[in-house]
Every structure is written in structure tokens, then in C-alpha cells.
Amino acid sequence: MAAGPTRRAVLVASAPEAVIASGLTRRAVLTGAATAVPVLISGCRGVEVLGTPPPPAPDVRLLRATIVAEQQLISRYHAVLAGPAKDAAAAQRLAALLTEHEQHLAQLRKRLVVPAGSAQSLAPAATPAVRTPPDLAGALATLSAAEQAAAQRLATGLLTVPPSLAQLLASISASEATHVPVLDQLRRTA
Amino acid sequence: MSRAVAGRRARAARRQARAARRQARAARRQARAALSPQAVTALQAALAAEQAASYGYGVVGAHLNASSVQSRSADADWVAHQQARDSLTAMITTAGAAPVPAPVAYQLPVHVQTPAEARSLAVILEEKVAQAYLGLVALPEHSLRAIGTRELTASALRAAAWRHSTVAFPGLPGQGGKSAAGS
């Protein structure tokens, strides 16, 4: 924010494609296509010839773990919406939070590029079935704790990944952190 | 105690003091060298956003009912931004750079006359702050990434409280109008 000769800075809302401080645009951050290098599961063509593929890089592991965590959160929301929150006043707000997780998942999946013929597929991991408490207050408390844990895991994990992925994970972590007070408020009125 | 022993002790104490001063100088040099020009640029951007928020929350608070819960929230958020501003100023100074001073006045992005407009301004201020901290998250320094993530989350929480709804990607440009979980 450069101050002009009159020392008045302009504080205006950003245009949709505004460049953020690091020089990355929303499109670049979200698609990971233009400036960011998508994360390859196994980059080397000759790996199959050699036998055992090398273990995935840390950012691949984190990205895969984050995708699985998002899928688990989405399953939890579906279970609560189909069970204790069915017909409840909270359903609409829970559905809105669920939509945000689906947006997170879509962006995370775009970052994971699976080479053709790769042994490691992007098939949804066999996530353990999550148990939902039968009462709404209990179910909301479980969701809240899961959101808090997911946000914390991301905040720690993003320290060691490339910058553009770190920004996406930080944003998702912040989003999940904002779900916690919403869920806690719903629980108090449940 | 003999004079010789006292002298030896005094000399040892002086040696220790000199060593401590050398260590402190080395630590300061390291602190300066540890921050890249990109890091300083990102910190300056975060500082500019916090300065704008510190100014803007003054306007927000002035247009809320003084005895309301929202007014108390605005006061708490105002203090948080002032503290963040001071902390960033100290970090930039420690890095051997000069913190860019705040402009004396700002042109506000919205015309504020009602409590609803004041809340809109608070949301816009937080979105600016969140974007700026996302710049810290792109840096290689772990400590600055951690600070960026922490402050991004704090800003997203404040924005969600003012907006009465959440967004999928706080801090990424273009989130302003979109909202989910609205009330």
C-alpha cells in the first residue's frame, strides 16, 4: 500500500484476480496449474522397471493424508445430516459447512497428479467408518473436535511443503478453524 | 580474599562480559541475516494491512452502539490488530529494516454510517489482513509460516464472526462476496 504524495493510502476491496502479497493470484493458488508445480505421485518413468517404487515425497504424503482427512470429515457430516441432524434446525448450516469441505477436497485433488499407468491410484482410500453419536449435541461435539484436529494437523504439516501448496493448506486450515465456533454454537442451542 | 585473587576474578568477569557481548552481537547479526528480502517484503505487507486495520477498526467501533456486544468485539479486535502491528514492527526492526510508517489517513472502501456498514468494513479489513498473512505462509522460513498461519486463522475467525458466516478459502482473493453457512 504505497502512500502517495498526499500520504493517503487507498484501502479498497480487491479485484477478483488481485495479486496477493506473495505475487500469486487466486487462480494460481487454487488451480496449481499456472505457477505451482503439481505434486506427482511418482515422477519417474523407469521406476516400474526397477521394481519397488521409491516412497512418496513428504508433500505427496501430506497431500494424500489431507485428502483422506477431508473425505473422513465429509463422511462425518453426511452421517450427522442423515442421522441426528435430520429434520433439525441445524441441518441447513451443517450442509453449508459440508459444501466448504467439498470445495476443499476438489482443490486438494487438483493438486495431486497421478501419472498414467501409475500403480498408486487416486481411488478413495478405505476410510474407517466413523461412528456418530446418536444425539445431536454429541454429534456436533464430535464434528467440532474433528474440525479442530484437522485444522491443527494442517497448520503443522504445511511448514515443510512448497509455498503454493502451503498457502492452500493454510487457507483450508483457517476455514476449518472457523467451523468450530459455528458447530459449538449449534450445539449450545441443540 | 587476597588482592591477586580479586584481580583474577575481576578479569574473569570482564572476559565473561566481553564474551556475552560478542554472543549478543552475533545473535543480532544472525537475526538480520536470517530474514531474506522476500521475508521483509512480506512482513512489510502484513504491517501495512495491520496498520490499515488498526485505523479502520477505530471507524468500525465509532459506528456501533457503545454498550453492545459488537462494540466490545470491535474493541477486542482493535487491540489485537494494534498488538499484531507492534509485533510486526519489532520483527522488521530486528531484521535490520525500517518499518514503513502508516499513512496519516486512509480512503475507506465503504462509506460507514450505520452499524451494518461498520460490520462490512470490519469484514473487508480482515480479508485484507488475511491475504497479507498468506504472503508469510509462502516464505521458506518455518517460523514466519507458522506466524502467517496463526494470524490467518485468527483473522478468519474474526471475519466469520462479523460476517455471521464462513468461507471455504479465507485469505485467497475473491472470497469477499461468497459465503456459506449464512445465518
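Here is a tour of the model, stop by stop, through chain A and then chain B.

Before you click anything, note that this is a predicted model: local features need pLDDT of at least 70, side-chain atom pairs count only at pLDDT 80 or more, and totals for chains, interfaces and linings use all residues. Residues are numbered from 1 along each chain as its sequence is written, while chains are lettered from A and ligands numbered from 1 in the order in which they are written.

**Chain A, the overview**

Start by selecting chain A and colouring by secondary structure. You should find six helices and three strands, where helices (H or I, at least four residues) and strands (E, at least two) are DSSP runs, numbered from the N terminus. Walk along the sequence and the pattern reads β-α-β-α-α-α-β-α-α. Of the 190 residues in this chain, 36% are buried; buried takes 20 or more other C-beta atoms within 10 Å of a residue's own, exposed 12 or fewer, and partly exposed is in between, with C-beta atoms placed from the backbone.

**Helix α6 of chain A**

Next, select residues 163-189 of chain A, which form helix α6. Put a distance between its first and last C-alpha: the 27 residues reach 40 Å, close to the 39 Å expected at 1.5 Å a residue. That expected span is 1.5 Å times one less than the number of residues. The helix is mostly covered, with 19 of its 27 residues buried.

**The α3/α4 pair of chain A**

Now show residues 58-82 (α3) and 91-111 (α4) of chain A, which pack at an angle of about 160 degrees with axes 9 Å apart. Axes here are lines fitted to C-alpha atoms, for helices over the stretch in contact, and angles run from 0 to 180 degrees between N-to-C directions. α3(A) and α4(A) are therefore roughly antiparallel, the word for angles over 145 degrees. Which residues of α3(A) and α4(A) make the contact? Try sticks on A:Leu63, A:Ile67, A:Ile74 and A:Leu81 of α3(A), and A:Leu94, A:Leu98, A:Leu105 and A:Leu108 of α4(A), which are among them. Contact means C-beta atoms, placed from the backbone, within 7 Å.

Between these two helices, centre on A:Asp87 in the α3 to α4 loop of chain A. A:Asp87 is not a glycine, yet its phi is positive, about 65 degrees. Buried or exposed? A:Asp87 has 6 C-beta neighbours inside 10 Å, so it counts as exposed.

**The α2/α4 pair of chain B**

Switch to chain B and select residues 37-62 (α2) and 115-137 (α4), whose axes come within 8 Å and cross at roughly 170 degrees. That makes α2(B) roughly antiparallel to α4(B). Among the residues that meet are B:Ala42, B:Ala45, B:Ala49 and B:Ala53 in α2(B), and B:Ala118, B:Ala122, B:Leu125 and B:Gly135 in α4(B).

Zoom in on B:Gly135, which sits in helix α4 of chain B. B:Gly135 has 28 C-beta neighbours inside 10 Å and so counts as buried. Draw a C-alpha to C-alpha line from B:Gly135 to B:Ala45: the two are 90 residues apart in sequence and 8.1 Å apart in space.

**Last stop: B:His164**

Finish at B:His164, in the segment after α5 (142-163) of chain B. Its phi is near 60 degrees, a positive value in a residue other than glycine. B:His164 has 13 other C-beta atoms within 10 Å, which makes B:His164 partly exposed.

Conventions. Parallel < 35°, antiparallel > 145°, perpendicular 65-115°, else oblique. Contact = placed C-beta atoms within 7 Å.
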